[in-house]
Amino acid sequence: MKNTPNKGKFISIEGIDGAGKSTISKWIFKYLKEKNIDVILTREPGGTEIAEQIRNISFKNIDNLKNVNEPIYKETELLLMYAARVQHINYHILPALNKGTWVISDRFVDSTYAYQGNGRYIDTNLIDILTKYCVAKLPDITFLIDIDVDVALERNSKSGKHSNGHYLEGKIDVRKDFQINIDKGFKKRALEESERVKVINKGSMQAQQEQIKSYINSHINYQFDNRQLDMFD
């Protein structure tokens, strides 16, 4: 009989601003808790003390940067994202997974392809290279929350999350063409990574939750079956 515990599952939640990612992430966290699964909820950029400080630099949330007129260039943004990600995955995500804890991340690497790649027109070949050398583990499953861009922009406007700035400065870019590009970037990732990225169709929150449940339950059942097999080894 093996004593080695099964590793936890890694779930990421993606979508344009206003898609409802954070709400879905919290709901999945609660759902897994109700299933008596050890789980943590984290986010990107951020997730560890150092990664959160890098996030603050990216968003100019540090007091001595708030009034600085010097721009943060798109290549700087990209490298900051990966610096934070290296800390996040190595210090927080991998240790949790290795203990058998499930991890839910509100955004992960697919956001970089969508925002920096499609949104900021950075060559995705460069993003591929950074991902290959900096990301030790991709999610087991990614839920891409689909939403009409107009609906998302209206949500952001009502919640006060609107500005003429770029989202990496802690603001949401309300230019419709920018959000359309981001949406296209996510849809492209879903096609390229169809085994991992599951598009959660537009609809009511309850309908989306049911879609997600079916995927999650298949992972839970697979893990349970493996544990049963371990008992006979």
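Tutor: Helices and strands here are DSSP runs, with at least four residues for a helix and at least two for a strand. The model in front of us is a predicted one.

Student: How many helices and strands does the protein chain have by that rule?

Tutor: The chain comes to 8 helices and 5 strands. Read from the N terminus, the elements run β-α-β-α-α-β-α-α-β-α-α-β-α.

Student: Why is isoleucine 72 called buried?

Tutor: Buried means under 20% relative accessible area. Isoleucine 72 has 16%, so it counts as buried. This residue lies in the loop between helix H2 (49-58) and helix H3 (74-98).

Student: What is isoleucine 72 in contact with, leaving aside its neighbours within four places in sequence?

Tutor: Its contacts are Ile57, Ser58, Lys60, Glu77 and Arg120. Take lysine 60: it is 12 residues from isoleucine 72 in sequence, and their C-alpha atoms are 9.0 Å apart.

Student: And what makes glutamate 154 partly exposed?

Tutor: Partly exposed covers what lies between under 20% and over 50%. Glutamate 154 has a relative accessible area of 45%, so it belongs in that class. You will find glutamate 154 in helix H6 (residues 149-159). Glutamate 154 and glycine 18 are 136 residues apart in sequence, with 8.2 Å from C-alpha to C-alpha.

Student: Let's turn to the backbone. What is notable about phi in arginine 107?

Tutor: Most residues other than glycine have a negative phi. In arginine 107, phi is near 85 degrees, a positive value in a residue other than glycine. Arginine 107 sits in the loop between strand E3 (102-106) and helix H4 (109-119).

Student: Is arginine 107 buried or exposed?

Tutor: Its relative accessible area is 8%, and the limit is under 20%, so arginine 107 is buried.

Student: How do you know whether tyrosine 121 is buried or exposed?

Tutor: Exposed means over 50%. Tyrosine 121 has 60% relative accessibility, so it counts as exposed. Tyrosine 121 also has a positive phi, about 60 degrees, although it is not a glycine. Its place is the loop between H4 and helix H5 (124-134).

Student: Which kind of peptide bond joins glutamate 44 and proline 45?

Tutor: A cis one, with omega at about -10 degrees. Most peptide bonds are trans. Proline 45 is in the loop between strand E2 (39-43) and H2.

Student: What makes a group of residues a nonpolar core?

Tutor: The members must be buried residues of the nonpolar kinds, such as Ile, Leu and Phe, joined through side-chain atoms within 4.5 Å. The largest core has 32 residues, and Ile11, Ile28, Leu32, Phe143, Ile212 and Ile216 touch the most other members. Helix H1 (residues 21-34) supplies the largest share of this core, 5 residues. Another core, of 15 residues, lies apart from it and includes Leu78 and Phe108.

Student: Why is the space lined by Gly15, Ile16 and others called a cavity?

Tutor: In a cavity, a 1.4 Å probe fits but cannot get out. The search of the whole structure finds 1 cavity of 30 Å³ or more, and the largest has a volume of about 40 Å³. Its lining includes Leu144, Asp146 and Phe186. Strand E4 (141-145) and helix H7 (176-192) each give two or more residues to the lining, and H7 gives the most, with 3.

Student: How do the lining residues of the largest cavity divide by kind?

Tutor: They divide into 5 nonpolar, 1 polar and 3 charged.

Technical notes:
Residues are numbered from 1 along each chain as its sequence is written. This is a predicted model: local features need pLDDT of at least 70, side-chain atom pairs count only at pLDDT 80 or more; totals for chains, interfaces and linings use all residues. Side-chain values use heavy atoms; hydrogens and water are left out. Buried means under 20% relative accessible area, exposed over 50%, partly exposed in between (1.4 Å probe, protein chains only). On a 1 Å grid over the protein atoms alone, a cavity is a set of points where a 1.4 Å probe fits but cannot get out, and a pocket is an open set with protein on both sides within 12 Å along at least five of seven lines; lining residues have an atom within 4 Å of a point. Grid points are joined across faces, edges and corners, and a volume is the space filled by probe spheres set on the points. Ala, Val, Leu, Ile, Met, Phe, Trp, Tyr, Cys and Pro count as nonpolar, Asp, Glu, Lys and Arg as charged, and the others, Gly among them, as polar. Contact means heavy atoms within 4.5 Å.
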